[in-house]
Amino acid sequence: MRRFRETTGAYVRVIAPVPWFPFKSSTFGEYAQFARTPRRETRNGFDVDHPRYLLPPKIGMEIAPAAMARAFIRDAERIVAEDGPFDLIDAHYYYPDGVAAASLATRLGLPFVVTARGTDINLVPGFDRPRRRILETAEAAAASITVCAALKDEMVALGAAPDKIHVLRNGVDLDLFHPPSERAAGPLKKLVSVGHLIERKGHHLVIEALADLPGCELEIAGDGPEKAALERLAAERGVADRVTFLGRLSQSDLPAVYGRADALVLASSREGWANVLLEAMACGTPVVATPIWGTPEVVASPAAGRLTEDRSATAVAAAVTTLFEGPPSRDDTRAYAERFSWDETVERMDALFRRVARR
């Protein structure tokens, strides 16, 4: 939610609901993280509220928009009472967040904008009721944003009006992500795979590919439910001694990981606009990635890296081999990433929000 002031820019309050869960013990995995999330915090100078909403198993997808909307409304009405009315609502992910934001916008009599980011458009609409709710929300929204052209094309194919959809790609923080001042070369080429340890991120394919890349070692940054299975796979493939699991890392830890790698490998099955690609490139590290959704829009030059032929371990190994046969200079990779600063995206987003607010 944003309140705009013509002279001083934008006043922003963020409401980010999390599912209610009673136990904080790490035994409960990611659910315990919900319980440990503070009710209110400050991030990068912005106040963030985390109201709770009920998300029971099995029926969670059906009731999530309504449950999330109730959480939104409670906090939004309190903030309005404290700080005054807002000019518009800016929601991210179409389902359930965007659908819930549409309910809040109706309640407060505000225009709203929704950003589509990936699985909310390339996976969730496979279910009938969520697809209908997404299209209803797109029709009611003052505008939609997609982070890549591929997601806009998919929204139009689903039935959304193309003239209301704006492609505003993600950028990269060029100050945080930059090449290391020094870089030690080891006896093996170092690959890194970053992301939640789930099937969709394709870490298993990178591990399988490592068996055909005897000159490489692999670091995996992230945690999740597939960790034990990935460890078993590494042992079965005989590459456990060349795979290191780093666990979950903060944003501030990632530049060092990217900087010491010879390549980032992203073997996802679905991505809107994967931030890790530009983060690695900004550190001077080229990438190997599967050619899905918005990824070809990111990896669009030899300076960026290589796309695989398909999503398989064999294709990953082949692309890594090709990359290392003629790698770009790290300076060229960094220069490519510099084309994707946040400045242009922020300017276009600000202009869009101001047009919506004035309406």
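Two strands count as paired if DSSP finds at least two bridges between them. In this predicted model, one such pair is strand 10 (residues 143-146) and strand 11, which run parallel and are joined by three bridges. Serine 144 has isoleucine 165 in strand 11 as its bridge partner.

Strands 10 and 11 belong to an open sheet of four strands, ordered 8-9-10-11 with parallel pairing. Its edges are strand 8 (89-92) and strand 11 (165-167), each of which pairs on one side only. From one strand to the next, the twist averages 25 degrees. Helix 3 packs on this sheet and touches strand 8, strand 9 (112-116) and strand 10. The direction of helix 3 makes about 160 degrees with that of strand 8. Helix 6 (residues 149-158) lies across strand 9, strand 10 and strand 11, and runs at about 165 degrees to strand 11.

Helix 3 also has a helical neighbour. The axes of helix 3 (residues 94-108) and helix 5 (residues 128-140) come within 9 Å and cross at roughly 45 degrees. Angles from 65 to 115 degrees count as roughly perpendicular and those under 35 degrees as roughly parallel; the two helices are therefore oblique to each other. The crossing of helix 3 past helix 5 is left-handed. On the helix 3 side, the contact is made by Tyr94, Tyr95, Gly98, Val99 and Ala102. These meet Pro130, Arg133, Ile134, Thr137 and Ala138 in helix 5. By class, the residues of this contact are seven nonpolar, two polar and one charged.

The buried residues of helix 3 include Tyr94, Tyr95, Gly98, Val99 and Ala102. Also among them are Pro96, Ala100, Ala101, Leu104 and Ala105. Just after the helix, glycine 109 takes a positive phi of about 65 degrees.

Further along the chain is another open sheet, this one of six strands in the order 14-13-12-15-16-17, again with parallel pairing. Strand 14 (243-247) and strand 17 (305-307) are its edges, each pairing on one side only. Neighbouring strands are turned by 20 degrees against each other on average, direction ignored. Strand 13 (residues 216-221) pairs with strand 14 in the parallel sense over four bridges, and leucine 218 stands opposite valine 243 in strand 14.

Two helices lie across strands of the six-stranded sheet. Helix 7 (residues 203-210) crosses over strand 12 (189-194), strand 13, strand 14 and strand 15 (263-266), running at about 165 degrees to strand 13. Helix 10 (residues 275-282) lies across strand 12, strand 15 and strand 16 (287-289), and its direction is at about 175 degrees to strand 15.

Note on methods. Residues are numbered from 1 along each chain as its sequence is written. This is a predicted model: local features need pLDDT of at least 70, side-chain atom pairs count only at pLDDT 80 or more; totals for chains, interfaces and linings use all residues. Side-chain values use heavy atoms; hydrogens and water are left out. Axes are lines fitted to C-alpha atoms, for helices over the stretch in contact, and angles run from 0 to 180 degrees between N-to-C directions. Angles under 35 degrees count as roughly parallel, over 145 as roughly antiparallel, 65 to 115 as roughly perpendicular and the rest as oblique. A crossing is left-handed if the near helix is turned anticlockwise from the far one by less than a right angle, and right-handed if clockwise. Contact means heavy atoms within 4.5 Å. Ala, Val, Leu, Ile, Met, Phe, Trp, Tyr, Cys and Pro count as nonpolar, Asp, Glu, Lys and Arg as charged, and the others, Gly among them, as polar. Buried means under 20% relative accessible area, exposed over 50%, partly exposed in between (1.4 Å probe, protein chains only).
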